Amino acid sequence: MATPLLQEFPELSNFSREDLEDLLNDPVYFQAFFHSLDRVKYMYRAQAELGMANESIASPYAIPLFIILGLMTSSENNVALQESLYNLRAETQAAFDDAKSLEKRWKELEKEQKEVYQACPPCFRLPHFRG
């Protein structure tokens, strides 16, 4: 019999009614079964890969553990973070400068487009606006 449960979890098709009841009533048995499912193993593997990717992205800006635990004074903390803060500030300034130059270029292109459209007679522009 193909129930929605068995369609979703074909691994349960070989279980007897008693086994299914034990699965529901015994949390340890359920956890063991749950963690043996291929899709759960895949999810944990994907989660671990994402965690490692996040760590590699954050590592240049990571705060050392001894700072978090309070084993340094605030002045030592400032000195320890100075390099990463300077790097972050430089990256932020570069991104801001890039955005400003793109904004300036956008205005120039809009001006050029306006000049081109004004140079064309209205009868030429009309089909362009219709589609």
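Read from the N terminus onward, the protein chain runs through the pattern α-α-α-α-α-α-α, and its secondary structure accordingly comprises 7 helices and 0 strands. The model is a predicted one, and its confidence deserves attention before any detail is considered: the protein chain has an average pLDDT of 80, with 76% of the residues scoring at least 70. That confidence varies along the protein chain, being highest in α2, at 91, and lowest in helix α5 (residues 65-68), where the mean is 54. Where pLDDT is low, the predicted coordinates should not be read in detail.

Two values describe the protein chain as a whole. Of its 131 residues, 7% are buried, and among the contacts with a separation of 6 or more, 23% are made by residues 24 or more positions apart.

From here the account turns to the empty space in the model. The largest pocket has a volume of about 180 Å³, and its lining consists of L5, F9, L12, L20, L23, L24, F30, F33, F34 and L37. By residue class, this lining divides into 10 nonpolar residues, with no polar and no charged ones. Helices α2 (17-25) and α3 (27-36) each supply at least two residues of that lining.

Several of the phenylalanines also take part in ring pairing, for the structure holds 2 aromatic pairs. In one of them, F15 and F33 meet edge-to-face, with 5.5 Å from centre to centre and 65 degrees between the planes. Because F15 lies in the loop between α1 (4-8) and α2 whereas F33 belongs to helix α3, this pair ties together parts that are 18 residues apart in sequence. The partners can also be described by their accessibility: F15, at 22% relative accessibility, counts as partly exposed, while F33 has a relative accessible area of 12% and is buried, since the cut-off for a buried residue is under 20%.

The other pair, formed by F30 and F34, is stacked, with 6.0 Å between the centres and 20 degrees between the planes. Both residues sit in helix α3, and because they are 4 residues apart there, about one helical turn separates F30 from F34. F30 has a relative accessible area of 36% and is partly exposed, and F34, at 30% relative accessibility, likewise counts as partly exposed. F30, F33 and F34 are also among the residues that line the largest pocket, so that a reader following helix α3 meets F30 and F34 as a stacked pair and F33 as the helix α3 partner of F15.

Helix α3 also contains H35, which at 33% relative accessibility counts as partly exposed. Leaving aside residues up to four places away in sequence, H35 touches V40, K41 and Y44.

The path then continues into helix α4 (residues 38-58), where D38 has its place. D38 is exposed, with a relative accessible area of 59%. Between the C-alpha atoms of D38 and E11 there is a separation of 9.9 Å, although these two residues are 27 residues apart along the chain.

Terms used
Residues are numbered from 1 along each chain as its sequence is written. This is a predicted model: local features need pLDDT of at least 70, side-chain atom pairs count only at pLDDT 80 or more; totals for chains, interfaces and linings use all residues. Side-chain values use heavy atoms; hydrogens and water are left out. On a 1 Å grid over the protein atoms alone, a cavity is a set of points where a 1.4 Å probe fits but cannot get out, and a pocket is an open set with protein on both sides within 12 Å along at least five of seven lines; lining residues have an atom within 4 Å of a point. Grid points are joined across faces, edges and corners, and a volume is the space filled by probe spheres set on the points. Ala, Val, Leu, Ile, Met, Phe, Trp, Tyr, Cys and Pro count as nonpolar, Asp, Glu, Lys and Arg as charged, and the others, Gly among them, as polar. pLDDT is the predictor's confidence in each residue, from 0 to 100. Rings of Phe, Tyr and Trp (its six-membered ring) pair if their centres lie within 6.5 Å; planes under 30 degrees apart count as stacked, over 60 as edge-to-face and the rest as tilted. Buried means under 20% relative accessible area, exposed over 50%, partly exposed in between (1.4 Å probe, protein chains only). Contact means heavy atoms within 4.5 Å.
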